[in-house]
Amino acid sequence: MWRSQCLTWDVNGSRRGKGQNTSQRTMNKQHVHMVPAKQTTAEKVAAAVNARELKGVDDAFYVMDVGDVVSNHQRWQRLLPRVEPFYAVKCNSDPLLLRVLYELGTGFDCASKCEMDMVLQMGVTADKIVYANPCRQISHLQHAAKKSIGLLTFDSEAELYKVKSVYPGARLLLRIAPPENYDVMYDLSEKFGCHPGDVSGLLRTARTLGLNVVGVSFHVGSGARDPEVFAASLQRSHNVFAIAEKLGFNPDIIDIGGGFYGHKGAPLSFEKAASTLNMALDKYFPVTSNVKVIAEPGRYFASSAFTLVTSVIGKRKRLAKHRDRKNSLSEINVESETSGDNKPAFMYYMTDGVFGSFNVIIFEGTCIIPKLVKAPSSDVTFTSTLWGPTCDSLDCVRKELPLPELHIGDWLYVENMGAYTTSTASRFNGMPIPRCHYISEEKAWNSIFTENGVHISGTTS
Ligand SMILES: *Cc1c(COP(=O)(O)O)cnc(C)c1O
């Protein structure tokens, strides 16, 4: 994967017709593997593995499917027509993903100077960026001011004074905390969001400082499992609008944040979230209110577009007695080198682990469900443990998993691995962060790019 601090793309002859090209590295349609229509994920992954093996590459890699982003975007437009998405760059800043979203017309949610530069250099205009980190470094805020990125969130008095001195002309969204007690996978409300009791005070301070509050934002938490949290947050926002109007502001933007799942089989379907949201929007912010509705989806667009493919590089039979540290060596009996049902247990070591893409296990408690690229020679399964490649024993991807016997060189794949994986991965022990094998159906590609040439500029790794 091309990932670096401030990597940018330029697409030659894209439909927006930007021709400026300072590329150091050129990517064209040949670097995106065109695949036949209607292939299954398994078939796409198998073809990618073949291509990598031919090149002698055994590193873990991602299969990134452009068509998946396109169809998720179409679904968004169909089900949430009033809501303009601003993709949360932190979720996955893969340059092709950003480029595709840009060509599809989304805006971007940036949290730092680097993220702003990344999308600006792609050609995104300042009005398509929301700087949605409510507590920012002064130098980053100065950068936003210089680049006229004027839509900012805030949730504290200190930030208001900062904005007053650095960027008094900014348009501010008050980030409020979502109501508690709703089921979300990753709660953000302890760190961010102003509580209802503090709303008036903050808005008064903004008024006194002569700042311009244009609306409200919230983030229900990443991976919302109960759609009612969106409705309850919109109701809260509605109350904040009333307070703001009383104080003389004219709020006309509601930013409903992120939290949406996009993949099949998610704990909350996008269809359900969207229908609850639409009803709540009609109630609290009807079309006639002329309030502009934006969102900051990250996971929704990134997750299912990326499938992680990793190979088995090590294998050990697992001694049953060794599993229990309390047992002394004298108790070890080779006969007991078995799992409970009298079969051997296996440990496998793979090319990606918890310090890489699988950090989602630590951060989000994700349960990894690996699939085999090639059908096993036998269906008999054994209790298996999957380890990452580093020398740390914390680096365990999955325990007690029934799997057919695997061999060195076998490939496994894990779907829906695009969200908060590479963006938070480390290079601990010198293990590389997986690169991307880009694929697309012709139709999806041609719906976005009118020319073959795609140029990447900047340092790549
Ligand atoms: C992380 C984040 C998002 C994206 O959240 P998802 O759950 O990935 O949709 C959006 N907005 C803000 C402010 C965030 O911090």
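This report describes the fold, the ligand site, the salt bridges and the aromatic pairs of a predicted protein model.

## Overall architecture

The protein contains 12 helices and 22 strands. Of its 461 residues, 54% are buried. Contacts that span long stretches of sequence are prominent in the count: among those between residues at least 6 apart, 76% join residues at least 24 apart. The area that the protein exposes is about 20,100 Å², and carbon and sulfur atoms supply 50% of that area.

## The ligand site

Which residues are closest to the ligand? Of the 14 residues that surround the ligand, the closest are Lys90, Ser222, Glu296, Arg299 and Tyr420. Polar approaches to the ligand come from both side-chain and backbone atoms. Aspartate 109 places a polar side-chain atom 3.0 Å from a nitrogen atom of the ligand. Glycine 259 contributes a backbone N or O atom at 2.9 Å from a ligand oxygen atom, and a backbone N or O atom of glycine 298 likewise lies 2.9 Å from an oxygen atom of the ligand. On its own the ligand has 390 Å² of accessible area, and the protein covers 93% of this.

Serine 222, one of the closest residues to the ligand, belongs to strand S12, which spans residues 222-224. Is serine 222 buried or exposed? With a relative accessible area of 8%, serine 222 falls under the 20% limit and therefore counts as buried. Beyond its neighbours within four places in sequence, serine 222 is in contact with Val184, Met185, Tyr186, Gly259, Arg299 and Tyr420. Two of these partners, Arg299 and Tyr420, are also listed among the residues closest to the ligand. The side chains of serine 222 and arginine 299 are joined by a polar contact of 2.9 Å.

## Salt bridges

The structure holds 12 salt bridges. Three of them, each linking distant parts of the chain, are set out below.

| Salt bridge | Closest N and O atoms | Separation in sequence |
|---|---|---|
| Glutamate 271 and arginine 75 | 3.5 Å | 196 residues |
| Arginine 299 and glutamate 364 | 2.8 Å | 65 residues |
| Lysine 315 and glutamate 405 | 2.5 Å | 90 residues |

The salt bridge between glutamate 271 and arginine 75 has its closest N and O atoms 3.5 Å apart. It connects two helices: glutamate 271 lies in H9 (residues 270-284) and arginine 75 in H2 (residues 66-79). The two partners differ in their exposure. Glutamate 271 has a relative accessible area of 38% and is partly exposed, whereas arginine 75, at 13%, is buried.

Arginine 299, already met as the polar partner of serine 222, also forms a salt bridge with glutamate 364 at 2.8 Å. Here again the link runs between helices, with arginine 299 in H10 (residues 299-302) and glutamate 364 in H11 (residues 359-364). Both of these residues are buried.

Lysine 315 and glutamate 405 meet at 2.5 Å, N to O. Lysine 315 is located in strand S15 (residues 306-318), while glutamate 405 sits in the loop between strand S19 (396-404) and strand S20 (411-414). At 29% relative accessibility lysine 315 is partly exposed, and glutamate 405 is also partly exposed, at 32%.

In addition to such pairs, a network of salt bridges links Glu84, Lys128 and Lys292.

## Aromatic pairs

How many aromatic pairs does a search of the whole structure find? The search gives 15 such pairs. In one pair, the ring centres of phenylalanine 355 and phenylalanine 428 are 4.5 Å apart, and the pair is tilted because the ring planes stand at 50°. Phenylalanine 355 lies in the loop between strand S16 (345-350) and H11, and phenylalanine 428 in the loop between S20 and strand S21 (435-441), so this pair ties together parts 73 residues apart in sequence. Phenylalanine 355 is partly exposed at 21% relative accessibility, as is phenylalanine 428 at 34%.

Ring pairs also form a cluster that takes in Trp76, Phe230, Phe260, Phe270, Tyr300 and Phe301.

Key:
Residues are numbered from 1 along each chain as its sequence is written. This is a predicted model: local features need pLDDT of at least 70, side-chain atom pairs count only at pLDDT 80 or more; totals for chains, interfaces and linings use all residues. Side-chain values use heavy atoms; hydrogens and water are left out. A salt bridge is a side-chain nitrogen of Lys or Arg within 4 Å of a carboxyl oxygen of Asp or Glu. Helices (H or I, at least four residues) and strands (E, at least two) are DSSP runs, numbered from the N terminus. Buried means under 20% relative accessible area, exposed over 50%, partly exposed in between (1.4 Å probe, protein chains only). Contact means heavy atoms within 4.5 Å. Accessible areas come from the Shrake-Rupley method with a 1.4 Å probe; for residues, only the protein chains shown count as cover. A polar contact is a pair of N or O atoms within 3.5 Å; within protein, one must be able to donate a hydrogen and the other to accept it, and residues adjacent in sequence count only if both atoms are side-chain atoms. A residue is near a molecule or strand if one of its heavy atoms lies within 4 Å of it. Rings of Phe, Tyr and Trp (its six-membered ring) pair if their centres lie within 6.5 Å; planes under 30 degrees apart count as stacked, over 60 as edge-to-face and the rest as tilted.
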